[in-house]
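Subject: Handover of a protein model

Dear colleague,

Please find below the structure that I am passing on to you. I would be grateful if you could read the notes under it with the model open.

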Amino acid sequence: MIKIKLYEPNIHRNEIAFRPYIWAKDILKEIGIELTTGDSYDFALIAQASFIDKETTLEKSVEKGLDKLSKITGDYILLDGQDSTSLIGTVDVLRHSKAKLLLKNTLLKDWDLYKKGYINGRVYWGEGEYKVPDIDNFKHKIKLSGANWVGTIRPKWYNYSSHKKYDIACMFSWGDKLNYEYKNLTSKYYDEHRKTLLEKLENTNYNIVRREKGIRIPQQQFYQNMFDSKIVMAPIGYGEMAVRDIEAASFGSILIKPDMSYIDSVPFLYEDKKTYIACKYDWSDIEEKVDHVLSNFNELQSYITENMRKKFEQEYTNEKLAIH
């Protein structure tokens with residue numbers, strides 16, 4: 001039996017990162033992997049909230065993370081449970097630590113992209129300062145985690161019909177607050193992507209339900225609005241995936257979001273025109289995509305909804321996570 005210690009599992013972001021493994025703990029034990037929080041273990045699994053600090057500078061975060069890891073006895077593995085292609089902060093700790101591996105929820109299929117500079121390392125935010133030019137030196141130590149953000153919920157499949165009063169649900173947040181990562185203000189890139197979509201849709205005749213800037217609504221109304229919509233829009237935020245993606249299938253709505261084909265993740269739900277409708281990140285083709293869905297909604301609704309539900313049930317299982 002291999003014993004893996006979940007290190008500081010009750011910290012907020014760590015709990016989410018560990019959640020799929022905890023749900024799979026019985027299956028893991030059957031194949032010889034026991035999860036523990038005790039002091040007797042073969043490997044410690046250390047999630048990102050324990051070794052990065054986004055409220056300080058990148059340099060200070062790395063310094064704090066390495067200092068904390070230096071006090072851990074025995075072998076350990078880092079887990080970057082953030083749903084983003086970015087390696088900012090985590091690979092910087094891996095570079096100077098004794099970690100056996102860095103497990104990552106999502107990765108870029110083209111590893112050479114990490115060598116180019118992007119804003120906080122996110123390719124979809126455009127050119128910036130952060131890059132990992134020596135990524136080739138670490139490829140053998142960076143592996144997919146076998147889990148991602150979509151698998152942190154257990155969706156309920158609701159009965160649905162084609163009679164929905166809204167064309168589009170834009171229930172995503174924007175302009176809520178200022179967000180900083182490693183002392184860098186990132187709200188601009190997060191919000192402008194979403195604001196651009198709203199501006200493009202404002203000049204159309206689509207019947208849209210949306211959240212206004214900085215205004216939150218009760219959760220029940222939030223979900224009801226998506227249930228009542230033919231299309232659910234899912235902009236990219238601090239990562240490509242969101243629980244909203246699978247919630248769309250819960251409500252019998254068609255998911256439209258920027259193309260996901262450039263990322264690698266296990267499990268993976270996204271097949272353009274089969275489980276969702278892909279569009280360009282800058283939303284330049286969004287009217288074309290919406291018109292196609294609305295014009296063919298009676299045929300597409302059950303096809304895409306049932307494909308997404310079936311894919312989720314096939315891919316997001318405790319057995320598959322354990323095998324991975």
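The notes below cover the basis of the model, its overall form, its two sheets and one lysine.

This is a predicted model, in which local features need pLDDT of at least 70 and side-chain atom pairs count only at pLDDT 80 or more, while totals for chains, interfaces and linings use all residues. Residues are numbered from 1 along each chain as its sequence is written, and side-chain values use heavy atoms, with hydrogens and water left out.

Overall form

The protein contains 10 helices and 15 strands (DSSP runs numbered from the N terminus, helices being H or I of at least four residues and strands E of at least two). Its radius of gyration is 20 Å, close to the 20 Å that the globule rule gives for 324 residues, so the protein is as compact as a globular protein of that length (the radius is taken over C-alpha atoms, and the rule is 2.2 Å times the number of residues to the power 0.38). Along the principal axes, the C-alpha atoms fill a box of roughly 60 × 45 × 35 Å. Of the 324 residues, 54% are buried (under 20% relative accessible area, with exposed meaning over 50% and partly exposed in between, for a 1.4 Å probe and protein chains only).

The six-strand sheet

One open sheet has six strands in the order β2-β1-β3-β4-β5-β7, with parallel pairing (two strands pair if DSSP finds at least two bridges between them). Its edge strands are β2 (33-36) and β7 (142-144), each of which pairs on one side only. Direction ignored, neighbouring strands of this sheet are turned by 30° against each other on average (axes are lines fitted to C-alpha atoms, for helices over the stretch in contact, and angles run from 0 to 180 degrees between N-to-C directions).

Strand β1 (residues 2-7) is joined to β2 by four bridges, and Ile4 stands opposite Leu35 in β2. Four bridges also join β1 to β3, where Leu6 has Leu45 as its bridge partner. Leu45 in turn is partnered with Ile77 in β4, and five bridges link β3 (residues 43-47) to β4 (residues 75-80).

A buried lysine

Is Lys104, in strand β5 (residues 102-104), buried or exposed? At 0% relative accessibility, Lys104 counts as buried. Its side chain makes a polar contact of 3.5 Å with that of Asp80 (a pair of N or O atoms within 3.5 Å; within protein, one must be able to donate a hydrogen and the other to accept it, and residues adjacent in sequence count only if both atoms are side-chain atoms). A polar atom of the Lys104 side chain also lies 2.5 Å from the backbone oxygen of Ser84.

The five-strand sheet

A further open sheet has five strands in the order β11-β8-β12-β13-β15, again with parallel pairing. Strands β11 (208-210) and β15 (277-279) stand at the edges with a single partner strand each, so one side of each is left without a neighbour in the sheet. The twist averages 25° from one strand to the next.

Three bridges join β8 (residues 166-170) to β12 (residues 229-233), and Ile168 has Ile231 in β12 as its bridge partner. Helix α9 (residues 297-315) packs on the sheet, touching β12, β13 (254-258) and β15 (contact means heavy atoms within 4.5 Å). Helix α6 (residues 219-227) lies across β8, β11 and β12, at about 115° to β12.

With kind regards
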